[in-house]
Amino acid sequence: MTFAATVLTLYPEMFPGPLGVSLAGRAREEGKWSLETVQIRHFAIDKHKTVDDTPAGGGAGMVLRVDVLAAAIDHARASQPDCPVIAMTPRGKPLTQARVRELAAGPGVTVLCGRFEGFDERIFAGRQVEDVSIGDIVLSGGEPAALMLLDACIRLLPGVMGAPSSGSEESFENGLLEYPHYTRPAEWEGRTIPEVLRSGDHAKIKDWRKLQSEIDTRSRRPDLWERHEGARVLSASGARREKKD
């Protein structure tokens with residue numbers, strides 16, 4: 001099954017961009033995923049092809065019109081009815097690796113890229129649009145965020161990465177940051193590769209990597225560590241209750 005990506009944007013020329021090279025580009029050439037861009041402006045209803053208007057209640061900037069957005073979404077859904085529609089917006093829920101895996105396992109995704117001050121809020125409930133954020137930052141538009149979302153999905157498609165286990169130990173896959181990596185030369189500017197990684201003892205290497213993953217997550221991402229520890233406590237208490245019962 002081909003993963004179908006549809007991007008609703010005012011700047012279709014930004015695609016495929018980096019998705020046209022490396023793993024994603026090769027996977028597209030091999031038919032593992034497809035890309036269609038839809039120009040939002042084509043669905044404007046006036047002769048000037050207006051897609052935005054002033055904010056209700058006043059304020060700076062312009063807001064994308066709900067009627068124009070709805071028409072663009074309806075067009076995309078007509079050809080890809082089973083694909084979720086995701087709007088890239090800093091007001092959205094943080095994108096997680098778990099959500100990326102869900103999307104990659106499905107038929108594809110339709111991505112709505114915002115501009116200006118963002119979307120008319122009515123579009124989310126009116127067209128069942130999922131709002132997603134890639135981080136606590138503000139971009140000039142949703143296109144770079146859409147590229148990130150699609151790249152995260154595409155690399156998980158069957159046959160895109162080399163070995164099936166290539167992505168299983170990466171950051172966020174198990175709720176932790178990935179352990180640090182090293183390669184040759186063994187010594188560089190007085191800094192050496194940790195001895196355990198050169199020992200050939202796979203059990204010790206596995207333990208070291210697990211410990212480093214936990215240390216780095218605890219120090220760099222205490223929010224992840226807190227969730228990870230909470231999940232472990234819940235799992236352990238659940239197991240105890242099940243055993244006791």
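Here is a chat about how some labels on this predicted model were earned.

Visitor: How do you know that Cys83 is in no disulfide?

Guide: A disulfide needs two cysteine sulfur atoms within 2.5 Å. The closest cysteine sulfur to that of Cys83 belongs to Cys153 and is 11 Å away, so that is too far for a bond. A search of the whole structure turns up zero disulfides.

Visitor: What is the nearest cysteine sulfur to Cys113, and how far away is it?

Guide: That is Cys153 again, with its sulfur 13 Å away, and Cys113 is in no disulfide.

Visitor: Why is Cys83 called buried?

Guide: The cut-off for buried is under 20% relative accessible area. Cys83 comes in at 3%, so it counts as buried. Cys113 has 1% relative accessibility, so the label is buried there too.

Visitor: What makes Lys49 partly exposed?

Guide: Partly exposed is the band between under 20%, which is buried, and over 50%, which is exposed. Lys49 has 35% relative accessibility, so it counts as partly exposed. You'll find Lys49 in the loop between E2 and strand E3 (52-53). Its phi is near 60°, a positive value in a residue other than glycine.

Visitor: And why is Gln128 called exposed?

Guide: Exposed means over 50%, and Gln128 has a relative accessible area of 66%, so it gets that label. Gln128 has a positive phi as well, about 50°, although it is not a glycine. It sits in the loop between helix H4 (122-126) and strand E7 (129-133).

Visitor: What makes E1 largely enclosed by the rest of the structure?

Guide: Seven of its seven residues are buried, so E1 is largely enclosed. Phe3, Ala5, Val7 and Thr9 point one way, while Ala4, Thr6 and Leu8 point the other way, and all are buried. In a regular strand, side chains alternate between the two faces of the sheet.

Visitor: How do you know that E1 and E2 pair?

Guide: Two strands pair if there are at least two bridges between them. E1 and E2 have seven bridges, in the parallel sense. One of the details: the bridge partner of Thr6 in E2 is Glu36. E1, H1 and E2 also make a right-handed β-α-β unit.

Visitor: How many bridges link E1 and E6?

Guide: Five, again in the parallel sense, so the requirement of at least two is met. Ala4 stands opposite Gly108 in E6.

Visitor: Which residues have the most contacts inside the largest nonpolar core?

Guide: Trp33, Met88 and Leu150, in a core of 30 residues. The elements that each supply at least two residues include strand E1 (3-9), helix H1 (22-29), strand E2 (33-39) and helix H5 (143-154). H5 gives the most, with eight residues.

Visitor: What does Met88 touch?

Guide: Leaving out residues up to four places away in sequence, its contacts include Val111, Leu112, Phe119, Ile134, Ala145 and Leu149. There is also a second, separate core of 21 residues, and among them are Ala72, Ile73, Val85 and Phe119.

Visitor: Where are the cis peptide bonds that involve Pro16 and Pro185?

Guide: One joins Phe15 and Pro16, with omega about 5°, and Pro16 lies in the loop between E1 and H1. Another joins Arg184 and Pro185, with omega about 5°. Pro185 has its place in the loop between H5 and strand E8 (187-188).

Technical notes. Residues are numbered from 1 along each chain as its sequence is written. This is a predicted model: local features need pLDDT of at least 70, side-chain atom pairs count only at pLDDT 80 or more; totals for chains, interfaces and linings use all residues. Side-chain values use heavy atoms; hydrogens and water are left out. Buried means under 20% relative accessible area, exposed over 50%, partly exposed in between (1.4 Å probe, protein chains only). A nonpolar core is a set of buried Ala, Val, Leu, Ile, Met, Phe, Trp, Tyr and Cys residues joined through side-chain atoms within 4.5 Å. Helices (H or I, at least four residues) and strands (E, at least two) are DSSP runs, numbered from the N terminus. Contact means heavy atoms within 4.5 Å. A crossover is right-handed if, with the strands pointing away from the viewer, the path from the first strand over the helix to the second runs clockwise.
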